[in-house]
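Please lead me through the structure below, from its overall build to its sheets and the aromatic residues. I would like an explanation in running paragraphs.

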Amino acid sequence: MSLDGFIAGPDDRAGQELGREGGRLFNWLDDRFGTEINGQVYAEALATGAVISGRRTFELAGRWNGDHHDGVPIHVLTHRPDEGEPPAGGTTYYSDVGACAADARAAAGDRAVMVHGAGAAQSLLRAGELDELEIHLVPVLLGAGRRLFEDIDRVELERVRCLEGRDATHLRYRVVR
């Protein structure tokens with residue numbers, strides 16, 4: 001996320017999935033094998049046992065070609081489940097936030113669930129289904145784009161971790177209930 005709260009630059013769409021200048025937010029991934037901190041954070045992401053994604057993110061990511069990482073199940077939170085559309089292997093569509101979160105947790109077992117997309121994160125947070133937030137804070141101001149947090153009521157967070165990597169500060173917060 002940029003310092004001004006954006007997870008994609010303006011005009012994110014097919015062919016420009018991260019928006020104009022939004023790719024800058026992921027430069028730290030170029031260093032994931034070069035520094036211990038970025039590598040650790042990347043390895044933790046790949047150790048998750050399931051993915052919850054918003055429909056828009058899922059589509060812009062090319063549906064991850066049916067495999068986000070290591071064949072973990074992909075749970076897509078959407079207002080339009082498209083029942084006639086055959087999902088890619090390991091992908092399930094949900095319109096119910098609670099059912100999506102419960103199934104993802106069950107599928108992940110004792111591993112964490114990764115969440116992709118502002119809409120999915122916001123829906124899970126509003127429903128009380130998000131336990132932690134992990135933010136990779138990048139020292140750039142994009143000025144416009146897709147915000148991670150919009151129309152969210154007050155939520156108290158407790159910082160669990162702060163790691164300084166090259167080109168990003170990796171923050172983890174627990175949602176205080």
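Two strands count as paired if DSSP finds at least two bridges between them. Strands themselves are DSSP runs of E with at least two residues, numbered from the N terminus. On that basis, Val 76 stands opposite Tyr 93, a residue of strand β4. The model that shows this is a predicted one.

The partner strand on the other side of this contact is β3, which covers residues 74-77. Four bridges join β3 to β4, and the two strands run parallel. They belong to an open sheet of four strands, whose order is β4-β3-β2-β5 and whose pairing is parallel. At its edges lie β4 (91-94) and β5 (113-116), each of which pairs on one side only. From one strand to the next, the twist averages 20°. A helix also meets this sheet: α4, made of residues 118-126, lies across β2 (50-54), β3 and β5. Its direction is at about 120° to that of β5.

Tyr 93 leads on to the aromatic residues. Two aromatic pairs are counted in the model. In one of them, Phe 58 and Tyr 93 are arranged edge-to-face, with 6.2 Å from centre to centre and 85° between the planes. Phe 58 lies in helix α2 (residues 55-60) whereas Tyr 93 lies in strand β4, so the pair ties together parts that are 35 residues apart in sequence. Are these two residues, Phe 58 and Tyr 93, buried or exposed? Both are buried, a term that here stands for a relative accessible area under 20%. Together with Trp 64, Phe 58 and Tyr 93 form one aromatic cluster.

A second sheet is built from strands that come later in the chain numbering, namely β6, β8 and β9. This open sheet has three strands in the order β6-β9-β8, and its pairing is antiparallel. The edge strands are β6 (132-137) and β8 (157-165), each pairing on one side only. On average, neighbouring strands in this sheet are turned by 15° against each other, direction ignored. Helix α1, residues 36-46, packs on the sheet and touches β6, β8 and β9. The direction of α1 makes about 130° with that of β8. Within the sheet, six bridges join β6 to β9 (residues 168-175), and these two strands run antiparallel. One of the facing positions places Leu 137 opposite Thr 169 in β9.

The whole chain can now be set around these parts. The protein contains four helices and nine strands. Read from the N terminus, its elements follow the succession β-α-β-α-β-β-α-β-α-β-β-β-β. Among contacts between residues at least 6 apart in sequence, 62% join residues that are at least 24 apart.

What does the radius of gyration say about the overall build? For 177 residues, a compact globule would have a radius of gyration near 16 Å, and the protein agrees with this because its own value is 16 Å. Along the principal axes, the C-alpha trace spans about 45 × 35 × 35 Å. Of the 177 residues, 38% count as buried. The accessible surface comes to about 9,500 Å², and carbon and sulfur atoms account for 49% of that area.

Definitions and conventions. Residues are numbered from 1 along each chain as its sequence is written. This is a predicted model: local features need pLDDT of at least 70, side-chain atom pairs count only at pLDDT 80 or more; totals for chains, interfaces and linings use all residues. Side-chain values use heavy atoms; hydrogens and water are left out. Axes are lines fitted to C-alpha atoms, for helices over the stretch in contact, and angles run from 0 to 180 degrees between N-to-C directions. Contact means heavy atoms within 4.5 Å. The radius of gyration is taken over C-alpha atoms; the globule rule is 2.2 Å times the number of residues to the power 0.38. Buried means under 20% relative accessible area, exposed over 50%, partly exposed in between (1.4 Å probe, protein chains only). Accessible areas come from the Shrake-Rupley method with a 1.4 Å probe; for residues, only the protein chains shown count as cover. Rings of Phe, Tyr and Trp (its six-membered ring) pair if their centres lie within 6.5 Å; planes under 30 degrees apart count as stacked, over 60 as edge-to-face and the rest as tilted.
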